Amino acid sequence: MSNQELLPIDVSGDVGDRILSVDGGGVRGLIPVQLLKFLEHQLQKLDGEDARLADYFNIMAGTSTGGLITTMLATIDPNDHKHNRPFSTQKIEDFYLKNASLIFPQPSKWNIFHGIFGPKYNGKHLVDILEQEKFHERRLCDTATNLVIPTFDIKTQFPTIFASHEAKVDPLKNPHLMDVCLSTTAAPTYFPCHQFTTNSSDGKTQVFNLVDGGVAANNPVMPAYLDSNELSHSSSSSGYKNSRQKEHLDHFIVLSLGTGLEEGIEWDAKKAATWGSLKWITHDGRTPLIESIMNASSDMVNIHTALMLHHVKENYLRIQEWQLKGSEAKMDLSTDENLRNLVKKGQELLDKPVRSLNLETGRPETVKNDYTNRMALTKMAERLSKEKKLRDKRSASSALSMNGHSVGINI
């Protein structure tokens, strides 16, 4: 039983939520960036070179490296003085290629025990880079579209989900974007936990003690869905059909992007049965415990989303690279060779057939041999463009109607 079929896309009805979700995965974030570059290019061909993904997705969710990507997609580029638009996908790729080796400096013989007796990386370079992009000056409420970023509070032992719409009404939930990014990327054993405090005008404070969102939701589609429900119930002019949950789901568009999985992992039960805590934390340059938790989290959400949208399969597109080999799957291998290889992997993924998770076997299967991810993203761009035009038309009509009412003109 496949979770996706090729069905015609209908844009004649009500316009609902458009969710973009990007998984965690360290430097492997370069893989979904290639897919996003293609999608943005298709939208620019339809709507002009200033088009950005934030114009089309009203909710962007990202965990860890996906949180960094979606935060940039939803944030005005401080160096784009001409257009005052969010970061382009090309700039995000350049950001990774330029800074990955600084964020993840490759280990030497002097720091081979990092990650065992302390964080593998001190995170200082990531702080410096985010400051350069002025993320310390901007808050969550300033994003160009609704942003949803999962983290996990190790003191309360409970997920903390940062959401733009909450930040706009509650100063205690409105941290600087730098704090959001440092929190969702604070992968245990890789980076230090991140602590910060928010304040309100009436003297209240809230202290956060956060680690990587992958501990709670490496695939953040579900936090985005919950945020969508809150938005639909709080908005009286959104055009959502929210009288019944099923009707609300009928108008979803969900694009969920993974950062790649290793093919033929050699961690079998016979070998792992002898592992102690040390080998679960580090084994052959990998972190089996962390990676297993993140992979399990992503697949569970994929299964739940596929079941939830089973009656509207054409509204859900999950793209994942299932065939990473060996060191390609490492989250922190920042050599020039590996970064170039990840870019190539993402580009090659465009021309692979659309694959979906078989809900019975847990394995990926091809939907249709001649239907590629490139084709699916092209169709999605067409749908997103048409729906944006429909929303713009409705907004203009609504504004004209309100203006006519206020001055006594019958329109």
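A salt bridge is taken here as a side-chain nitrogen of Lys or Arg lying within 4 Å of a carboxyl oxygen of Asp or Glu. By this criterion D392 forms a salt bridge with K388, the closest N and O atoms of the two side chains being 2.9 Å apart. The model in which this pair is found is a predicted one, and a search of the whole structure returns 13 salt bridges, of which three are described below together with the packing of two helices and the surroundings of one threonine.

The protein chain contains 14 helices and 10 strands. Of its 411 residues, 52% are buried. Among the contacts in the chain with a separation of 6 or more, 74% are accounted for by residues 24 or more positions apart.

Two of the salt bridges considered here belong to helix α14, which spans residues 373–406. Because D392 and K388 are 4 residues apart in this helix, about one helical turn separates them. D392 is partly exposed, since its relative accessibility of 40% falls between the limits of 20% and 50% that bound this class; K388, with a relative accessible area of 21%, is likewise described as partly exposed. A further pair is formed by R383 and E387, whose side chains meet in a salt bridge with an N to O distance of 3.4 Å. These residues, too, are 4 positions apart in α14 and therefore separated by about one helical turn. In this pair, however, R383 counts as buried at 7% relative accessibility, and E387 counts as buried at 4%.

The third salt bridge joins D55 to R85, with an N to O distance of 2.4 Å. This pair links distant parts of the chain, for D55 lies in the loop between α1 (30–47) and β2 (59–62), whereas R85 lies in the loop between α2 and α3, 30 residues apart from D55. The partners fall into separate accessibility classes: D55 is partly exposed, with a relative accessible area of 23%, while R85, with a value of 18%, is buried.

Helix α14 also contains T378, which counts as partly exposed at 23% relative accessibility. When residues up to four places away in sequence are disregarded, T378 touches F38 and Q42. The C-alpha atom of T378 is separated by 8.6 Å from that of L43, although these two residues are 335 positions apart along the chain.

Two packed helices are described by the angle between their axes and the distance between the axes. For helix α2 (residues 65–73) and helix α3 (residues 89–103), the axes come within 10 Å and cross at roughly 140 degrees. The two helices are therefore oblique to each other, because an angle would have to be over 145 degrees to count as roughly antiparallel. The crossing of α2 and α3 is right-handed. On the side of α2, the contact is made by T65, L68, I69, M72 and L73, and on the side of α3 by T89, I92, F95 and Y96. These contact residues divide into 7 nonpolar and 2 polar, with no charged residue among them.

How values were computed: Residues are numbered from 1 along each chain as its sequence is written. This is a predicted model: local features need pLDDT of at least 70, side-chain atom pairs count only at pLDDT 80 or more; totals for chains, interfaces and linings use all residues. Side-chain values use heavy atoms; hydrogens and water are left out. Axes are lines fitted to C-alpha atoms, for helices over the stretch in contact, and angles run from 0 to 180 degrees between N-to-C directions. Angles under 35 degrees count as roughly parallel, over 145 as roughly antiparallel, 65 to 115 as roughly perpendicular and the rest as oblique. A crossing is left-handed if the near helix is turned anticlockwise from the far one by less than a right angle, and right-handed if clockwise. Contact means heavy atoms within 4.5 Å. Ala, Val, Leu, Ile, Met, Phe, Trp, Tyr, Cys and Pro count as nonpolar, Asp, Glu, Lys and Arg as charged, and the others, Gly among them, as polar. Buried means under 20% relative accessible area, exposed over 50%, partly exposed in between (1.4 Å probe, protein chains only).
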